[in-house]
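Look at the cysteines before turning to the place where the chains meet. The report below takes these two topics in that order.

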Amino acid sequence: MWIASITSGLQGVNWSTKAGTGSVLEFEDWAKATYRQAGIEIDETDLKLVDLIYASAIHQLEMLDHIDLEKFPATGIDLRHAPKPA
Amino acid sequence: MSHPQDWTLRQQAEAIRRGDLNARELLQLTLERIAERDGSINSTPVTFEEASLNMLGQAPAGPLHGVPFTVKDMFALPWRAARNGTSFDLIPASASGPFRNLRDAGAVVVGIANQHELGMGTTGAYSAYGRMGNPWKPDHCAGGSSGGSAAAVAARLVAASLASDSGGSTRLPASYCGVVGLKITYGAVPYDGYFGAATTFSAPGIVARDGGDVRLFATSLLQRPLPKQSGSGIRVGVVRDPFWHDINPEIAAAGENALRVSGWHVTEINIEHMELAGAAFLGRLIAEAGVPPNDILATLSAPTRALLLAGMLAPARFVPRADRVRAAIRESLARAFQSVDLLVWPTTPATAPSLDHPWVMLPSGHVAADTANVRHASLANLTGVPGISLPIGLDSAGLPIGLQLLAPWGGEARLLDATEYFERVTDRRFVDLIPPMAR
């Protein structure tokens with residue numbers, strides 16, 4: 001299966017919605033730059049839908065930023081079996 | 001004499017074994033029925049009579065000898081590449097692992113089951129073969145991504161279909177179409193030649209008409225016995241929030257009625273960290289989905305393209321955190337299974353929406369069916385456990401309602417015991433409901 005790197009398209013792009021130092025890109029510009037660098041062709045309809053989906057996804061994913069890492073230790077996962085008792 | 005596709009899989013296999021039904025005749029009758037009946041539901045867009053006849057000619061004398069079934073487009077066959085609901089050969093033609101197990105049991109592939117493109121949806125509204133209709137109401141969704149599998153079984157085109165389940169893709173369409181859908185434990189069969197090998201969420205699934213047929217098919221797919229025990233006295237854990245709260249009231253009522261008539265020992269139970277399950281599922285899934293090459297991307301529907309493209313932008317920092325939560329939820333689930341045998345909640349929070357507008361109304365508001373469905377289905381994929389959907393009635397619009405059960409890892413037999421028990425105590429009045437087009 002094709003696997004496009006999530007981050008490869010971000011290299012060389014400094015994206016932020018806040019004014020500050022360095023180049024500042026709005027979402028649309030950042031997304032276009034990312035896809036261009038990855039060689040992916042998109043159109044305006046794509047961008048509008050991506051904006052909606054991305055915003056919704058990030059809203060949900062940001063819950064993960066707030067987990068207590070001590071309560072959620074990094075553990076090996078074998079999906080075929082029940083987890084081994086700690 | 002009735003058409004043999006109105007029989008169960010067990011009856012077909014037994015009739016062939018006894019010499020009362022000729023397997024070649026069954027294959028011809030099945031092809032004819034697909035040609036006659038599939039037009040409005042588009043469940044089985046590809047058949048290959050010559051390849052099926054060749055397979056039948058070489059079929060060993062196994063438990064499924066001579067019975068036809070369809071295969072979701074995610075599995076490679078020796079004579080056909082897996083296309084995953086696109087118009088591209090994505091996995092070269094080969095004998096995929098699940099195919100080999102069923103071939104060795106004597107079963108015969110009669111056609112390709114339509115599916116939501118790339119498995120990226122739960123409605124069946126988008127596919128290179130055209131969208132799939134629900135046999136109960138052809139202008140409503142058959143579900144997805146294994147919509148063709150569920151629709152074909154409900155319409156009595158075949159008695160069983162090999163499906164897959166990465167986020168409910170077997171259980172959800174089974175619920176929409178009023179049939180039984182089993183997701184097996186992650187990694188329980190060889191994954192070569194199967195699109196599920198590319199994710200940590202996917203497992204093959206089985207769609208059939210009732211628990212007994214799923215047991216027969218699953219025994220061959222899993223290549224291990226699934227001994228039958230009484231499904232009475234089972235302890236089921238009800239996870240109220242969110243699975244019984246934010247759902248259509250008719251579904252809630254049907255689910256409560258199912259629990260009451262089952263006589264199972266019902267316990268209210270909480271799964272620790274469930275509030276993070278959706279984020280963990282999403283965080284990992286978007287990292288695994290990837291984006292196809294431009295020539296493929298250009299052929300996909302706008303929603304599928306956007307899903308894939310949006311996933312590509314997601315920051316990688318969420319992936320290891322999603323894995324930490326995933327591990328914790330697996331441990332919570334294992335603890336829950338120390339006090340109950342199965343977990344239970346409605347398979348979908350609403351019945352099949354229309355194909356033209358696949359959104360559903362819930363107490364929380366009007367939401368895309370995909371969003372609501374994945375919330376109900378993804379725990380099994382996040383943790384690896386098996387799950388099943390069984391029919392428990394119709395809503396006031398005449399669309400099927402399903403109940404979902406989850407079991408511990410490797411607990412397929414327990415799910416089937418519960419399903420068959422439920423069918424018995426309800427005098428099969430739900431599982432034997434037949435859609436109008438198949439009467």
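The sulfur of Cys141(B) lies 9.7 Å from the closest cysteine sulfur, that of Cys177(B), which is too far for a bond. A disulfide here means two cysteine sulfur atoms within 2.5 Å, and the structure has zero of them over all chains. The two cysteines are listed in the table, where buried means under 20% relative accessible area, found with a 1.4 Å probe on protein chains only.

| Residue | Closest cysteine sulfur | Relative accessible area |
|---|---|---|
| Cys141(B) | Cys177(B), 9.7 Å | 0%, buried |
| Cys177(B) | Cys141(B), 9.7 Å | 1%, buried |

This is a predicted model, in which local features need pLDDT of at least 70 and side-chain atom pairs count only at pLDDT 80 or more, while totals for chains, interfaces and linings use all residues. Residues are numbered from 1 along each chain as its sequence is written, chains are lettered from A in the order in which they are written, and side-chain values use heavy atoms, without hydrogens and water.

Now the interface. Chain B brings 57 residues to the contact and chain A brings 45 residues, with contact meaning heavy atoms within 4.5 Å. About 4,400 Å² is buried between the two chains, 73% of it from carbon and sulfur atoms; buried area is the accessible area (1.4 Å probe) that two parts lose on being put together, summed over both. In chain B, Met312(B), Leu313(B) and Arg324(B) lose the most area to chain A, together 18% of what that side buries.

Two salt bridges cross the interface, each a side-chain nitrogen of Lys or Arg within 4 Å of a carboxyl oxygen of Asp or Glu. Asp46(A) and Arg305(B) form a salt bridge through their side chains, at 2.2 Å from N to O.

Notes:
Buried < 20%, exposed > 50% of the residue type's maximum accessible area, 1.4 Å probe, protein only.
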